[in-house]
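Please look over the model shown here, which is a predicted one, before following the description below. The paragraphs take up a surface feature and then a contact between helices.

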Amino acid sequence: MTTALYDLFWPTLALVLIFEGLMPFVAPRVWRRVFSEMLRMRDGQIRFFGLICLLCGLTLWWWVA
């Protein structure tokens, strides 16, 4: 990894962990309900949601970079 990419990796990972941990910390019951609803979704629905998240993330990255 180049130095600039390496310096960007750890802060980015830290932000992902912060956002991933925010919902279970603030509202564990809501998080549990959302998670159980996701378990009932079909694979195609989950993939579509993942695709939308990827596209939004790439667009945001392109926009701020």
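**The nonpolar patch and the helix contact**

On the surface, Leu5, Leu8, Phe48, Leu51, Ile52, Leu55, Leu58, Leu60, Trp61, Trp62, Trp63 and Val64 together make a nonpolar patch of about 1400 Å². Two elements, α1 and α3 (43–64), each give two or more residues to this patch, and it is α3 that gives the most, with 10 residues. Leu55, one of the patch residues, lies in helix α3.

Helix α1 (residues 3–26) also meets helix α2 (residues 28–39), where the two axes come within 5 Å and cross at roughly 115°. Angles of 65 to 115 degrees count as roughly perpendicular, and α1 is therefore roughly perpendicular to α2. On the α1 side the contact is made by Met23, Pro24, Phe25 and Val26, while α2 supplies Pro28, Val30 and Trp31. Sorted by character, the residues of this contact of α1 with α2 comprise seven nonpolar, no polar and no charged.

Definitions and conventions:
Residues are numbered from 1 along each chain as its sequence is written. This is a predicted model: local features need pLDDT of at least 70, side-chain atom pairs count only at pLDDT 80 or more; totals for chains, interfaces and linings use all residues. Side-chain values use heavy atoms; hydrogens and water are left out. Axes are lines fitted to C-alpha atoms, for helices over the stretch in contact, and angles run from 0 to 180 degrees between N-to-C directions. Helices (H or I, at least four residues) and strands (E, at least two) are DSSP runs, numbered from the N terminus. Angles under 35 degrees count as roughly parallel, over 145 as roughly antiparallel, 65 to 115 as roughly perpendicular and the rest as oblique. Contact means heavy atoms within 4.5 Å. Ala, Val, Leu, Ile, Met, Phe, Trp, Tyr, Cys and Pro count as nonpolar, Asp, Glu, Lys and Arg as charged, and the others, Gly among them, as polar. Patches are made of residues with over 30% relative accessible area and no salt bridge: like charges are joined within 9 Å, nonpolar side chains (Val, Leu, Ile, Met, Phe, Trp, Tyr) within 5 Å. Accessible areas come from the Shrake-Rupley method with a 1.4 Å probe; for residues, only the protein chains shown count as cover. A salt bridge is a side-chain nitrogen of Lys or Arg within 4 Å of a carboxyl oxygen of Asp or Glu.
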